[in-house]
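Visitor: I would like to walk through this structure slowly, one question at a time.

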Number of protein chains: 2
Amino acid sequence: MSTVLVVDDEPRIRKALQVNLVARGYTVSLAATGEEALRSAREEPPDLVLLDLGLPGISGVDVIEGLRGWTEVPIIVLSVREQESDKVAALDAGADDYVTKPFGMDELMARLRAALRRGGADGPDPVVRTGHFELDLGAKRATVGDEEIRLTPIEWGLAEQLVRHPGRLVAQRTLLHEVWGPQYDRETNYLRVHIANLRRKLEPEPSRPRYFITEPGMGYRFEPDH
Amino acid sequence: MSTVLVVDDEPRIRKALQVNLVARGYTVSLAATGEEALRSAREEPPDLVLLDLGLPGISGVDVIEGLRGWTEVPIIVLSVREQESDKVAALDAGADDYVTKPFGMDELMARLRAALRRGGADGPDPVVRTGHFELDLGAKRATVGDEEIRLTPIEWGLAEQLVRHPGRLVAQRTLLHEVWGPQYDRETNYLRVHIANLRRKLEPEPSRPRYFITEPGMGYRFEPDH
DNA sequence: GGGGGCCGTAAAGAACGCGTCAACGGTGCG
DNA sequence: CGCACCGTTGACGCGTTCTTTACGGCCCCC
C-alpha cells in the first residue's frame, strides 16, 4: 500500500490523521515542522503528502516549493485559512488540492484516493525485488538477473499470493481457493507440482528453496531477503 | 492554450465561467446536459472538464464514469451539495477535484491550473515510435517506414490500449471491454484474429512478433524498443 | 527400527490457448 | 447493382500448459 507523509505541528491532528490512515491500510510517516517534512520526504519518498499550512518555522508554501524542486508527489494542503488568496498561493506553488479545516475525514480520504489514483497512473508499479529475481506485479513481468522469465497463469497466481504476504504463511487451502477456485480444497498435489515449477524458474537453487519455503502440513511462505 | 469543457444546465453559470475562462486565454466548449457533454468530449477531446453535478437527465456521476471509461482528462466537479457522501461518490467515480458553490473564481482558476499542470506533466506523448512503425494517437495515423498504413477501428482500439501501457500486460478481458464493450468477456477468438491482423500490418515479421507480444492465458503486451 | 504422512520430482496423456486460414454476411460507396 | 472492406465465425494444427499418476526421500512419531 501507499506511504503518506503527514506534516502538522499539532500532535492531536497528527495522531488523528495517522489513526485514520493506518486503519485504511496506508503506511504513515510523521513530521511536525517543514524542515522535518523535507528531510523525511528526501530520505523516504512518500506516495503522497498531507501538509498543514500553519507551521512554525518555514511556511507551508516554502515546503511545497521545496518538494516541487525534485518530486511530483501529490500534495494535499490542510489549512484553517479560508482566504482565497491563500488557496491560490498554495495551489499555484504546486499543491494538488486544498482542504480547509474543519474537514470531514471521509472527504479527505476520498480526495487522497483521487490524488493517489492520478499519481499511480504512470507511477512505478509495485515491484518485489529479491537478490535473485524481481516480480513486477502490475506489469506481470518476472526477471532473474537480466533475462526475462515467463510465468504461466497458475505460477503467477501462486507467486502473487505468496509475495503479497511476505514472511507470512499462506495456507494450502488459501492458495487453492485463490488460484484454482473455491471448489478446490484438497488438491495439494497441484501445489506440489506448480510450486516446483515456480522454484525451477525463480529460485537460485530450485532443490534448496530460499524464497519459497515449504511449511510441511500447512502451506508455503515467501521469505524476503534479510 | 488549453480547451475547457464546461458542463452546466444553468445558462448564467455557463456564461460566467465561459467569460472568465476566455478572459484567461482558454478555449471553451459548452454543454448543458450530460449527454451533450459526453458527445462533445468524444468529438473534440478537451484538456479539462468543469462539471456541474446537478444536471437534468443522466447524473453527474454517470458523466464522470462515462468519461473515465476512455479518457484521463482532469475533471473538476462543481456542486451546491456540501454533503460529504456526494463528494466521496464523485471523487471515487474518478473526479479530480470537488468545489462547492458558491465558489471564488480565483480559487476555481487556481484549482484548474493545478489540475492542468498535472495533466500536462505526465501527459503521454501522443506519438509512439518504434524501430519499425509509428503511431500518432492524436491524429490516428500509422506509418511503417515512409508509407502510411490504414488501421481499422478495431485495430486502432487494440493498438491504442496496448501502446498506452508500454511494457505492461493488458488482460484479454480489458482489451475486450475497452474495444468491444463491457458485455464481451470471453470472445478471445476476436482478439486472436484482430491481433493477427494488427501484426500483419505493423510487425516486421508478423509470424514472429516483436512489439505485440502474447502472454498465453493472460493477455498481450506492447514491448517498446530497448 | 518401522511406518505413515508429506513433500519433491519426473513423465505421461489430456486439455487448453493460440495463430492461421477460409468463408460468410453486412455496409458503404461508386 | 456490384465491389471493396470489415467484422464475425468455425475449423484445423501445433505448441504449451495443466492434470494425473507413480515413485522415492525425508522427517517425525510411535
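The questions below turn to the two chains and then to a DNA strand.

Guide: This is a predicted model, in which local features need pLDDT of at least 70, side-chain atom pairs count only at pLDDT 80 or more, and totals for chains, interfaces and linings use all residues. Residues are numbered from 1 along each chain as its sequence is written, chains are lettered from A and ligands numbered from 1 in the order in which they are written, and side-chain values use heavy atoms, with hydrogens and water left out.

Visitor: How much area do chain A and chain B bury between them?

Guide: Buried area is the accessible area, taken with a 1.4 Å probe, that two parts lose on being put together, summed over both. For this pair, 41% of the area is on carbon and sulfur atoms, and the total comes to about 2,800 Å².

Visitor: How many salt bridges are there between chain A and chain B?

Guide: A salt bridge is a side-chain nitrogen of Lys or Arg within 4 Å of a carboxyl oxygen of Asp or Glu. R150(A) and E215(B) meet in such a bridge, at 4.0 Å from N to O. Between chain A and chain B the count is eight.

Visitor: Which part of DNA strand D accounts for 85% of its atoms that come within 4 Å of the protein?

Guide: The strand is surrounded by 16 residues (a residue counts if one of its heavy atoms lies within 4 Å), and W180(B) has a polar side-chain atom 3.0 Å from a phosphate oxygen of DNA strand D. The part that accounts for 85% of those atoms is sugar and phosphate.

Technical notes:
A polar contact is a pair of N or O atoms within 3.5 Å; within protein, one must be able to donate a hydrogen and the other to accept it, and residues adjacent in sequence count only if both atoms are side-chain atoms.
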